[in-house]
Amino acid sequence: MSETGESTMRLSSRFTVLFRTVLPASWLVSVPVVALFHIPNELEPGRWFMLAGLAVLLLQSAVWFVHLRDVEADRDGLVVSGGRSRVRVPWGHVAGIAKPWWGRGQFARIEFRASAAAGRSALVLLPLAPLTRWKDHFAVQTVAAHVAAARADGVGARSAPLTR
């Protein structure tokens with residue numbers, strides 16, 4: 001339930017906090033240590049090259065995962081949470097939803113019309129929906145339906161019900 005008493009639908013996975021905080025921290029600490037101790041001494045010149053490449057890869061994935069947001073939907077808009085703060089984004093300010101090229105269907109990027117406190121977009125880890133194509137995922141369909149209703153209404157999107 002939202003602050004106003006109406007029902008909300010969680011569009012992001014419950015594992016978002018784990019992916020946003022615990023995994024990047026554990027990768028950045030554990031993988032370089034394992035690489036330093038488990039690469040054979042015969043590969044000493046290559047060890048540092050491999051470690052540098054691994055560090056770049058880990059840093060890149062950590063940066064992506066730190067940008068994950070918790071997202072809930074209600075009839076009036078989205079509630080985007082980046083950890084400590086929660087920002088309400090009305091449906092009229094949501095431009096659309098897109099599949100990142102690197103996400104393999106597990107992620108979605110919700111784009112906003114204007115830069116607000118939530119930023120220009122929100123990266124969302126989608127809840128597990130086995131045997132579901134990305135465009136048929138309930139979170140993707142919910143956002144797409146509300147954005148289409150907001151465009152048709154010109155302002156808000158009260159006509160699109162929350163369905164799962």
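This passage walks through the fold, the nonpolar cores and the last helix of the protein chain. The model is a predicted one, in which local features need pLDDT of at least 70 and side-chain atom pairs count only at pLDDT 80 or more, while totals for chains, interfaces and linings use all residues. Numbering starts from 1 along each chain as its sequence is written, and side-chain values use heavy atoms, with hydrogens and water left out.

The protein chain holds three helices and seven strands; here helices (H or I, at least four residues) and strands (E, at least two) are DSSP runs, numbered from the N terminus. Read from the N terminus, the order is β-α-α-β-β-β-β-β-β-α. Of the 164 residues, 35% are buried, where buried means under 20% relative accessible area, exposed over 50%, and partly exposed in between (1.4 Å probe, protein chains only). The accessible surface adds up to about 9,800 Å², and carbon and sulfur atoms own 63% of that; the areas come from the Shrake-Rupley method with a 1.4 Å probe, and for residues only the protein chains shown count as cover. As for contacts (heavy atoms within 4.5 Å), 50% of those with a separation of 6 or more link residues 24 or more positions apart.

Next, the inside. A nonpolar core is a set of buried Ala, Val, Leu, Ile, Met, Phe, Trp, Tyr and Cys residues joined through side-chain atoms within 4.5 Å. The largest one has 24 residues, and Leu-11, Val-71, Leu-78, Val-80, Val-94, Ile-110 and Phe-112 touch the most other members. Two or more residues each come from β2 (70–73), β3 (77–81), β4 (86–90), β6 (107–116), β7 (119–125) and α3 (138–153), with α3 giving the largest share, six residues. Neighbours within four places in sequence aside, Val-71 is in contact with residues including Met-9, Leu-11, Leu-78, Val-80, Ile-110, Ala-122 and Val-124. There is also a second, separate core of six residues, among them Leu-68, Trp-102, Phe-107 and Leu-125.

Helix α3 itself has 16 residues, so at 1.5 Å a residue it should span 22 Å, and its end C-alpha atoms are indeed 22 Å apart; the expected span is 1.5 Å times one less than the number of residues. Its buried residues are Phe-138, Ala-139, Val-140, Thr-142, Val-143, His-146, Val-147, Ala-149 and Ala-150. Ala-148, also in α3, is instead partly exposed, at a relative accessible area of 45%. Ala-148 and Gly-92 sit 9.6 Å apart, C-alpha to C-alpha, despite being 56 residues apart in sequence. Just past α3, Gly-154 takes a positive phi of about 90°.
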